[in-house]
Amino acid sequence: MMKDLYQHFSPEDREFIDRSLELLQRVQDTYAFETTSFLNPHQVSILKNIGKQYDVQVFASSDYFPSELARVLVAPSYYQLNMADFELSLLEISYASKFYKINHSQIMGTLLNQLGIERKTFGDILVIEDRAQIFVDKKLAQYFIDNVLKISKSPVKLQEVELEEQLIEQKVTVTKDILVSSLRLDKLVASIFKLSRSQAVQLISAKHVKLNYAVSDKPDQQIELDDLISVRRFGRAKVLSENGFSKNGKHKLTVELLSSK
């Protein structure tokens, strides 16, 4: 059964699948719910899909509070959802916006480099005009509040706010149709971001390209529907649909261009 399961996913997902199987089995055996660290949408999808084979329920915080990264709650079949069990905190970053401007990458850099914490301990960083917020693991909320006192050159103060006060980004999505001779990663990177194939291969070899949130250094990796391709400094794109072949035998694809994070 395990071999059958693995063949539905890429080899890069194997470690996460193994951890997910252990988690699902544990919850099923102990009848006690567990909450994961922050997971990306690809991991959330895997956990939800595998969870269907167990006598458990799987909830993602992103289904209730719109976000890219989510905490996932795995619970026994009789469990009634309590939002507090996601152990999610929303922190508002207050600063003198009249004098300073802080952006997503500055906040990310401060959290990772100055605090020295793991990426999985906090979720989305929301920046809209002169306001900023971050989702964090509730158990670490006070640690963030006590230790994040400056971002870039700006003094800041973090304070917890209600989840319902979340900033909602108005995303404008752009779709485009492309033609590619094959569904290789390098061909799609080149076509989507208007690069030469050699430039695309260089970016992939330099580990500047992620496929479904994991670094991919294989130019010939095959791309499938709903795959998310991220290229550092160029942006992100999701493969929405395959639309048959052109007269000269090329794949016709529709992709969605997303804002880069």
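Me: Let's start with K138: is K138 buried, partly exposed or exposed?

Reply: Partly exposed, because the relative accessibility of K138 is 41% and that class sits between the cut-offs of 20% and 50%. Keep in mind that this is a predicted model.

Me: Fine. Which residue forms a salt bridge with K138?

Reply: The general idea first: side chains of opposite charge can pair when their charged atoms come close. In this model K138 pairs with E160, and the closest N and O atoms are 2.8 Å apart. K138 sits in the loop between β6 and α5, while E160 is in strand β8, so the salt bridge ties together parts that are 22 residues apart in sequence. E160 is partly exposed too, at 38% relative accessible area.

Me: Which residues do salt bridges join into one network?

Reply: R71, E87, D137 and K139, through salt bridges that share partners. To read a network like that, take one pair at a time. R71 and D137 meet with an N to O distance of 3.5 Å. That pair links distant parts of the chain, with R71 in strand β3 and D137 in strand β6, 66 residues apart.

Me: Are R71 and D137 buried or exposed?

Reply: Check each against the 20% cut-off. R71 comes out at 1% relative accessible area, so R71 is buried. D137, at 12%, is buried as well. Another member of the network, E87, is partly exposed at 27%.

Me: How many salt bridges are there by this rule?

Reply: The count comes to 14. One of the pairs is E34 with R26, where the closest N and O atoms are 2.7 Å apart. E34 is partly exposed, with a relative accessible area of 25%, and R26 is partly exposed at 37%.

Me: Now backbone angles. Which residue in the loop between β3 and β4 should I look at?

Reply: E87, which we met in the network, has its place in that loop. The thing to look for is a positive phi in a residue that isn't a glycine, and E87 has one of about 50°. E129 also has a positive phi, about 55°, and isn't a glycine either. E129 is in the loop between β5 and β6, and counts as exposed because its relative accessibility is 66%.

Me: Let's move to Q133. Where is Q133, and is Q133 buried or exposed?

Reply: Q133 is in strand β6, residues 131–137. Its relative accessible area is 0%, so Q133 is buried. With a polar side chain like this, the next step is to look for its polar partners.

Me: Which backbone atoms does the side chain of Q133 reach?

Reply: There are two to look at here. The backbone oxygen of E165 is 3.2 Å away from the side chain of Q133. The backbone nitrogen of L167 lies 2.8 Å from a polar atom of that side chain. Leaving out residues up to four places away in sequence, Q133 touches residues including L90, L91, D124, I125, V161 and Q166.

Me: Last topic: how many cavities of 30 Å³ or more does the count give?

Reply: Just 1 cavity, with a volume of about 40 Å³. To read a cavity, go through its lining: L183, L188, I223, E224, L225, V239, E242 and L253. That lining divides into 6 nonpolar residues, no polar ones and 2 charged.

Terms used:
Residues numbered from 1 in each chain as written. Predicted model: local features only at pLDDT ≥ 70, side-chain atom pairs only at ≥ 80, totals over all residues. Heavy atoms only, no water. Helix = DSSP H or I, 4+ residues; strand = E, 2+ residues; numbered from the N terminus. Buried < 20%, exposed > 50% of the residue type's maximum accessible area, 1.4 Å probe, protein only. Polar contact = N/O pair within 3.5 Å; in protein donor to acceptor, adjacent residues only side chain to side chain. Contact = heavy atoms within 4.5 Å. Salt bridge = Lys/Arg side-chain N within 4 Å of Asp/Glu carboxyl O. 1 Å grid on protein atoms, 1.4 Å probe; cavity = no way out; pocket = protein on both sides within 12 Å on 5 of 7 lines; lining within 4 Å. Points joined across faces, edges and corners; volume = space filled by probe spheres on them. Nonpolar A, V, L, I, M, F, W, Y, C, P; charged D, E, K, R; others polar.
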